[in-house]
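Reader: I am new to this structure and would be grateful for a close look at a single part of it. Please explain each term as it arises.

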Amino acid sequence: TTMQPKYQISELFLFPRDQPTGETILDAVVNVLRTTPVLKPHQVAEALGVKKQHLSGAIHILTGVSLEMMLREWRMRQAMYYVSHTEMTFEEIAQKCGYSQTKTLTQAMEHYLHMTPYEYRNGCHREQIRRYRKKLF
């Protein structure tokens, strides 16, 4: 099945001569990431109705990182949120964030954070408890 675009970058133009700004391009990408289960660069480009190479080039110019790196960071930040703020299993988190299996999520977290999802979850909870105790006393 092909993904139906939420909207296309061409729809961001008010007049044929207008050029989308960096802000509108980034807003469009973030909107796709927030509203669809898109995890691959070509899927983001398809959702926006542009060529992957054009979108990747624009993202690199605007952010200094590749579209692929931007998506990896997006997935990792999602995973960090779910690990620290939910009781979802690591398998559920891996699936929700686009990792093929729990082992892949664990490897990614170890690479980026130097800790496993289990260690991250326990560390985050301890820090929250410490902050909560400080507010009480």
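Author: What follows is an account of helix H4 and its surroundings. The model is predicted, and local features are described where pLDDT is at least 70, side-chain atom pairs count only at pLDDT 80 or more, while totals for chains, interfaces and linings use all residues. Residues are numbered from 1 along each chain as its sequence is written, and side-chain values rest on heavy atoms, with hydrogens and water left out.

Helices here are DSSP runs of H or I with at least four residues, strands are runs of E with at least two, and both are numbered from the N terminus. Helix H4 comprises residues 67-85 and packs with helix H6, residues 102-113, at an angle of about 100°, their axes being 11 Å apart. The axes are lines fitted to C-alpha atoms, for helices over the stretch in contact, and angles between N-to-C directions run from 0 to 180 degrees. H4 and H6 are therefore roughly perpendicular to each other; this label covers 65 to 115 degrees, whereas angles under 35 count as roughly parallel, those over 145 as roughly antiparallel and the rest as oblique.

On the H4 side, the contact is made by Met69, Arg72, Met76, Ala79, Met80 and Val83, and on the H6 side by Leu105, Ala108, Met109, Tyr112 and Leu113. Contact means heavy atoms within 4.5 Å. The residues of this contact divide into 10 nonpolar, no polar and one charged. In this division Ala, Val, Leu, Ile, Met, Phe, Trp, Tyr, Cys and Pro are nonpolar, Asp, Glu, Lys and Arg are charged, and the others, Gly among them, are polar.

Helix H4 also takes part in salt bridges, each defined as a side-chain nitrogen of Lys or Arg within 4 Å of a carboxyl oxygen of Asp or Glu. The count by this rule is two. One joins the side chains of Glu68 and Lys52, at 3.4 Å from N to O. This pair links distant parts of the chain, with Glu68 in helix H4 and Lys52 in helix H3 (residues 52-63), 16 residues apart. Glu68 is partly exposed at 28% relative accessibility, and Lys52 is likewise partly exposed at 32%. These classes call a residue buried under 20% relative accessible area, exposed over 50% and partly exposed in between, using a 1.4 Å probe and protein chains only.

Another salt bridge joins Glu73 to Arg77, with the closest N and O atoms 2.9 Å apart. Both residues lie in helix H4, four residues apart, which is about one turn of the helix. Glu73 is partly exposed, at 39%, whereas Arg77 is exposed, at 55%.

The aromatic residues come next. A search of the whole structure finds one aromatic pair. Tyr81 and Tyr82 form this edge-to-face pair, with 5.7 Å between centres and 70° between planes. Rings of Phe, Tyr and Trp (its six-membered ring) pair if their centres lie within 6.5 Å; planes under 30 degrees apart are stacked, over 60 edge-to-face and the rest tilted. Tyr81 is partly exposed, with 45% relative accessible area, while Tyr82 is buried at 17%.

Finally, Ala94 belongs to helix H5, residues 90-96. Ala94 is buried, at 1% relative accessibility. Its C-alpha atom is separated by 9.9 Å from that of Val83, 11 residues apart along the chain. Leaving aside residues up to four places away in sequence, Ala94 touches Tyr99, Gln101, Thr102 and Leu105.
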